Amino acid sequence: MLVRPTRLCLPVLARCTRFSTGNPPHVSASEKTSIKPPPEQPRSALTEPELASMVIRGRGIYPPMTLPRPHNIPVASLHFRSHHPFLLDMFAHFAEHAASALGIPASRPVHLPTQRSMWTVIRGPFVHKKSQENFERRVHKRAIKAWDADPEIVNMWVKYLRKHMMPGVGMRVTKWERAPVGIGQQVFQRGMDKLRLDTDAAKVQALADKIVQQELLADDSEVADKPS
């Protein structure tokens, strides 16, 4: 919940002060005592939908609203990679605000270990053959995890982030989808339906008798062909 007081910039205050320098109207002492200020109404806390629908300048520089996790079931994990830590932190902050606006409980960006790669290259094959030069590349990583959200909302969040992807930042998404209750019985039933024959018992018995007769005839022919 977030409540912010109204703020006036300096030019507005200066303009109001300039136009209010005149003599105020005369008010008697009895009128002053009879005039009562209006009662102050208590300010109610703003909800996330109300805050998202308001135009607040500079809201993007503040941390997003932290939503509770009622069931604590993970639904997605986002990994960001970049060679520029400033762009990486900026896009992770943008992803946080997008998740908060969609009502997805998400964690703060977690700093993962930085991957370092180094190469050593000779300067030249002739005079500078013994002189070598070192090069280094660093890959900075961040991770954000989301809980307790509908798969459609998670897909909308990922699609929005890929649409507004920042150049120089890579993203890898891992999603977990929950199967409905009774999925094991459904898979077992489908497997049994594939194994079950669509013929009746009489046809199966006739086919078995035919196979037995063919095997007996084959055995008799092998015995007759053997020399005595």
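What percentage of the contacts between residues at least 6 apart in sequence join residues at least 24 apart? In this protein it's 77%. Keep that in mind as you click around, and remember that this is a predicted model.

**Whole chain**

Start with a cartoon view of everything. You should find 7 helices and 4 strands, running α-α-α-β-α-β-β-α-β-α-α along the sequence. Of the 228 residues, 17% count as buried. Switch on a surface and you're looking at about 18600 Å² of accessible area, with 60% of it belonging to carbon and sulfur atoms.

**Helix α5**

Now select residues 151–163, which make up helix α5. Its 13 residues reach 18 Å from the first C-alpha to the last, close to the 18 Å expected at 1.5 Å a residue. Show side chains for V154, W157, V158 and L161, the buried residues of α5. They sit on the same side of the helix, because they cover an arc of only 95° around its axis. That spacing fits a general rule: an α-helix has 3.6 residues a turn, so residues three or four places apart point the same way.

Flip to the face turned away from the buried side and you'll meet the exposed residues E152, K159 and K163. Then look at the N-terminal end, where D150 acts as a cap: one of its side-chain oxygens lies 3.0 Å from the backbone nitrogen of E152.

What covers the buried side? Colour β1 (74–82), α4 (85–101), β3 (132–147) and β4 (169–175), which are included in that cover.

**A98, on helix α4**

Next, pick A98 in helix α4. A98 counts as buried, at 9% relative accessibility. Leaving aside residues up to four places away in sequence, A98 touches W157, Y160 and L161. Try a distance label too: the C-alpha atoms of A98 and V158 are 9.6 Å apart, though 60 residues separate them along the chain.

**The aromatic cluster**

Finish by selecting F80, F91, F94 and Y160, which form one aromatic cluster. The structure holds 3 aromatic pairs. One of them is F80 with F91, edge-to-face at 5.5 Å centre to centre and 80° between the planes. F80 lies in strand β1 and F91 in helix α4, so this pair ties together parts 11 residues apart in sequence. Both rings belong to buried residues, with F80 at 0% relative accessibility and F91 at 1%.

Swing over to F94 and Y160: their ring centres are 5.6 Å apart and their planes at 25°, so the pair is stacked. Since F94 is in helix α4 and Y160 in helix α5, this pair ties together parts 66 residues apart. F94 is partly exposed at 29% relative accessibility, and Y160 is partly exposed at 36%.

Notes
Residues numbered from 1 in each chain as written. Predicted model: local features only at pLDDT ≥ 70, side-chain atom pairs only at ≥ 80, totals over all residues. Heavy atoms only, no water. Helix = DSSP H or I, 4+ residues; strand = E, 2+ residues; numbered from the N terminus. Buried < 20%, exposed > 50% of the residue type's maximum accessible area, 1.4 Å probe, protein only. Contact = heavy atoms within 4.5 Å. Areas by Shrake-Rupley, 256 points an atom, 1.4 Å probe, with all protein chains shown as cover. Expected span 1.5 Å × (residues − 1). Arc of directions from axis to C-beta. Polar contact = N/O pair within 3.5 Å; in protein donor to acceptor, adjacent residues only side chain to side chain. Phe/Tyr/Trp six-rings, centres within 6.5 Å; stacked < 30°, edge-to-face > 60°.
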